[in-house]
Amino acid sequence: MIDVIDYQIMWSRLIAVVEEEAQALIRTAFGTATREAGDLSAGVYDVRGNLIAQAVTGTPGHVNSMAKTVGHVLRKFPAETMRPGDVFITNDPWLGTGHLNDVVVVTPAFRRDALVGFFACTLHVVDIGGTGGGASRQVYEEGLCLPIVRLAEGGRISETVLDIVRANVREPVQVVGDIYSEVTANEVGCRKLAQMMDEFALETLDDLAAYILDRSREASLARIRALPAGTYESAMEIDGIDQPITLKARLHIRPDGIDIEYFDCPGLAQLGYNVPYCYAEAYTCFGLRCAIAPDVPNNAGSLGVIRVHIPEGTMLNAPHPAPVQSRALIGQMLPDLVFGCLAQVIPDKVMAEGSARLWSMRFTGGLGRVKADPHLLRDARRFNVASFHSGGTGARFGQDGLSATAFPSGVRNIPVELTETYAPVVIRRKELRMDSGGAGRQRGGLGQVMEVTCTEPVPFAVVTSFDRMKFPARGRDGGLPGAQGTLRLASGRDLPGKGYHQIDPGDRLIVEMPGGGGYHDPLSRAPEQVAADVRDELVSRAQAEALYGVVIGDNGEADVAATEIRRRELSRRSSPPAL
């Protein structure tokens, strides 16, 4: 009989196995989104399709929605029809991770010809055809959709499937290369799992999986039961598409888990900013687990105690064939909305609002990719490259927010040198944006400033899907909001945050990313911390005095006497509205 210590060792070993799967994907991937930004997920499942363990590397939008994909595969291809060497693929937004650019590959794991589990991984391909940039009106316009199909049978890759992919994407080498990387990563996982099972003399994963899922479920329920039962509501206004959108959530804490419902949901968007249920559920669960049980492993057991309710036919539960290309615009806002509910229960466990949505850009150019005289573009370089970047996170209880950090996605910023290698663009400036972090006892994280131009005497274009340009990230408990984002040309024209933007030769694109909200009253921030922020050029002298009440002397230190006077003046003013 296996004792608890052995189970714990095997559990840790299983996480190491699936992390090796993720690292194999990163090392072999063609696209910068996977190789540099970590926009991926990897997981191991039991024979019933339940997620047992996920890799440390990866995004919650991928792994928490991919958690259901293996079950979809099993419904179409029953386990008894699977053989060693079989591989399955899909990018169906409603069965995978929410939009067509995310390709999921599932591989059954066999030991001595017996099915013992599954490995699955997801990555974001640079292009999948279609219009891109949220401009679509149906999912059919967003590119190639692969239903759940066999990518390989008995170890033989289907060239028919890959030929269909090649014929429908703008970057066939990158996209097909990424698919092969996924196949390789799952194969690594299967091989390492077999070695682990040999080492521990396991014939199946059934008992280990049951132990992991039961312990995770009970640990999550224990955390939930320690909270005061009740119902809590929150609302948040965001930029939206043509007009602002108000998101509303109602959280019910019960002994058997948490129910969260989105109510008064906005209707379907005409363009591709709708969210499939799987993606909305993924980020909702992530926000709750971050605050309530961050140290409990993420798997079917811990996810199963959270129940998400969203009216069908709304922007947060869009049915097929609604356009969903830019589903992250709304989906990545949901953890901040969830935190608004939890702030009424565990205020010291949730951060202020942050920039939330990734400020990712897709640079493109060349014949057929920009609007210009074809003769002018005849010799121009054709390119299509994703570039991921981030604003600041909200301040936390006792700690400043993180600058230039993606939350909730966890996707890393792509180095500018790589963007410049894959495309004829130059990033002339990339630096932290002074004064963008919301003022507070704990300061919000800073956004970034980027300035981009093309090295060729032809137009280039950028596709964007930004938020927090009208409604900044709010502070919490007296903290001030972060700075709003902006998008403009050096020639003077302001650009909307969403859509396709063409930049003329010689002009420059200037991107100012939003900052995170502050936490607590700015007048309670230690003067020496404010002085250090000024010296580090995170906060200007003017903002230090106007918002923090700290007067900086010629030596770069806080002037104690002048600061006391200034703070008394500011404290007589009305306090800023709390979140």
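**Notebook: Ile-2, two cores, two helix pairs**

I started at the front end: Ile-2 comes out at 29% relative accessibility, so I put it down as partly exposed, since that class sits between the 20% and 50% cut-offs. Worth jotting down before going on: this is a predicted model.

Where does Ile-2 sit? I found it in the segment before helix H1, which spans 4-28. I then listed what Ile-2 touches, leaving out residues up to four places away in sequence, and got Tyr-7, Met-10 and Leu-202. I also checked Ile-2 against Thr-486: they are 484 residues apart in sequence, and their C-alpha atoms are 58 Å apart in space.

**Cores**

Next I went after the nonpolar cores. The largest one has 68 residues. I noted the residues with the most contacts inside it: Leu-247, Tyr-262, Leu-288, Ile-292, Leu-316, Ile-330 and Leu-342. Which helix gives this core its largest share? I got H8, with seven residues.

I picked Tyr-262 for a closer look. Again skipping residues up to four places away in sequence, Tyr-262 touches Lys-248, Ala-249, Thr-284, Val-308, His-309, Ile-310, Pro-311, Leu-316, Leu-334, Leu-337 and Val-338. There's also a second, separate core of 57 residues, and I spotted Val-18, Phe-119, Val-161 and Met-196 among its members.

**H8 against H11**

Since H8 had come up, I looked at how it meets H11. H8 covers residues 277-292 and H11 covers residues 334-342; their axes come within 8 Å and cross at roughly 45°. That angle makes H8 oblique to H11. I logged the crossing as right-handed.

Who meets whom? From H8 I have Ala-280, Tyr-283, Thr-284, Gly-287, Leu-288, Cys-290, Ala-291 and Ile-292, and from H11 I have Leu-334, Pro-335, Val-338, Phe-339 and Leu-342. Sorted by class, this contact holds 11 nonpolar, two polar and no charged residues. Leu-288, Ile-292 and Leu-342 were already in my notes, from the list of residues with the most contacts inside the largest core.

**H5 against H6**

Last pair for today. H5 (residues 159-166) and H6 (residues 172-199) have axes that come within 9 Å, crossing at roughly 145°. I logged H5 over H6 as a right-handed crossing too.

On the H5 side I wrote down Glu-159, Leu-162, Val-165 and Arg-166; on the H6 side, Pro-172, Val-175, Val-176, Ile-179 and Tyr-180. How many charged residues are in this contact? I counted two, along with seven nonpolar and no polar ones.

Terms used. Residues are numbered from 1 along each chain as its sequence is written. This is a predicted model: local features need pLDDT of at least 70, side-chain atom pairs count only at pLDDT 80 or more; totals for chains, interfaces and linings use all residues. Side-chain values use heavy atoms; hydrogens and water are left out. Axes are lines fitted to C-alpha atoms, for helices over the stretch in contact, and angles run from 0 to 180 degrees between N-to-C directions. Helices (H or I, at least four residues) and strands (E, at least two) are DSSP runs, numbered from the N terminus. Angles under 35 degrees count as roughly parallel, over 145 as roughly antiparallel, 65 to 115 as roughly perpendicular and the rest as oblique. A crossing is left-handed if the near helix is turned anticlockwise from the far one by less than a right angle, and right-handed if clockwise. Contact means heavy atoms within 4.5 Å. Ala, Val, Leu, Ile, Met, Phe, Trp, Tyr, Cys and Pro count as nonpolar, Asp, Glu, Lys and Arg as charged, and the others, Gly among them, as polar. Buried means under 20% relative accessible area, exposed over 50%, partly exposed in between (1.4 Å probe, protein chains only). A nonpolar core is a set of buried Ala, Val, Leu, Ile, Met, Phe, Trp, Tyr and Cys residues joined through side-chain atoms within 4.5 Å.
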